Amino acid sequence: MRLRSVPLELKEANAFIDKTHRHHDPVHRDKYRLGCEIDGKLVGVVQVGRPVARALCDGKTLEVVRLCSDGTPQVCSYLYGAAARIAKELGYSKIITYILKSEPGTSLKAAGWHKEAEIRGHSWNHRSRPRTTTAPTCDKQRWAKDLRGGAENEIPQEVGEAGR
């Protein structure tokens, strides 16, 4: 079994999410998305966008807004890892995601992420801004991966000086 990354259009990713995701509807927009194939069959999708929580929108952080698979082993950790590598290449310093409190986070742990916070569940619907959503309002966990640091991010001194 060989997992392979494939580019997807938003329409393709949303069709997979609509058919496969247990508790979320498709997104209206994202910054980028990636599919995972095995032998030409799409088995998973990840969609990455700006953080939904305004307090986390610092211009250096991205959020995995949707990730799902058809149940094929290792697909979720593969996609979490790929999403983080792409975010790092784009110059972001952190990537986050939210999972339900009842979920163990096994794929996130396998991809090198860590649990950052427990988040109290709530509805986005308010008198001042009525909203209808099918998203779960239960407690969640926020997971993160720091994309900064490491020797692979440093420019060798001779290269840096040559450009001056």
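**Strands, helices and cores in a predicted model**

Trainee: Which residue follows α2, and where is its phi?
Mentor: Helices (H or I, at least four residues) and strands (E, at least two) are DSSP runs, numbered from the N terminus. The residue following α2 is G91. Its phi is positive, near 95°.

Trainee: What rules apply to the model and its values?
Mentor: Residues are numbered from 1 along each chain as its sequence is written, and side-chain values use heavy atoms, with hydrogens and water left out. The model is predicted, so totals for chains, interfaces and linings use all residues, whereas local features need pLDDT of at least 70 and side-chain atom pairs count only at pLDDT 80 or more.

Trainee: Where in the chain is confidence lowest?
Mentor: The chain has an average pLDDT (the predictor's confidence in each residue, from 0 to 100) of 85, and 79% of the residues score at least 70. Confidence is highest in helix α2 (residues 75-89), at a mean of 98, and lowest, at a mean of 46, in helix α4 (residues 157-162).

Trainee: How many contacts does the stretch 151-164 have beyond near neighbours in sequence?
Mentor: Residues 151-164 have a pLDDT below 50. A contact means heavy atoms within 4.5 Å. Beyond near neighbours in sequence, the number for this stretch is five.

Trainee: What is the strand order of the open sheet?
Mentor: Two strands count as paired if DSSP finds at least two bridges between them. The sheet has seven strands with mixed pairing, and the order is β1-β2-β3-β4-β5-β7-β6.

Trainee: Which strands stand at the edges?
Mentor: An edge strand here has a single partner, so one side of it is left without a neighbour in the sheet. The two are β1 (4-7) and β6 (114-119).

Trainee: How much does the twist average from one strand to the next?
Mentor: Axes are lines fitted to C-alpha atoms, for helices over the stretch in contact, and angles run from 0 to 180 degrees between N-to-C directions. From one strand to the next, the average is 30°.

Trainee: In which sense, parallel or antiparallel, do β4 and β5 pair?
Mentor: E63 stands opposite I96 in β5. Strand β4 (residues 61-69) and strand β5 (residues 94-100) have four bridges, and the sense is parallel.

Trainee: What angle does α1 make with β3?
Mentor: α1 packs on the sheet and touches β2, β3 (41-49) and β4. Its direction and that of β3 make about 110°.

Trainee: Which element gives the most residues to the largest nonpolar core?
Mentor: Such a core is a set of buried Ala, Val, Leu, Ile, Met, Phe, Trp, Tyr and Cys residues joined through side-chain atoms within 4.5 Å; buried means under 20% relative accessible area, exposed over 50%, partly exposed in between (1.4 Å probe, protein chains only). This core has 27 residues, among which V46, V48, V64, Y80, I95 and W113 touch the most other members. Two or more residues come from each of β2, β3, β4, α2 and β5. With eight residues, the element giving the most is α2.

Trainee: How many residues form the second, separate core?
Mentor: Its members include L8, F16, I17 and V45. The total for this core is seven.

Trainee: How far does α2 reach from its first C-alpha to its last?
Mentor: The expected span of a helix is 1.5 Å times one less than its number of residues. α2 has 15 residues, and its reach is close to the expected value. That reach is 21 Å.

Trainee: Which elements are among those covering the buried residues of α2?
Mentor: The buried residues of α2 include V75, Y80 and A87. The helix lies across β1, β2, β3, β4, β5 and β7 (140-146), at about 140° to β2. The cover includes β2, β3, β4, β5, α3 (106-110) and β7.

Trainee: Is K31 buried or exposed?
Mentor: K31 is found in the loop between α1 (10-20) and β2 (32-38). Leaving out residues up to four places away in sequence, K31 touches V48, G49, R50, L62 and Y92. Because its relative accessible area is 51%, K31 counts as exposed.

Trainee: Is E37 buried or exposed?
Mentor: E37 lies in strand β2, and beyond four places in sequence it touches R2, L3, R4, V6, L42 and V43. Its relative accessible area is 16%, so E37 is buried.
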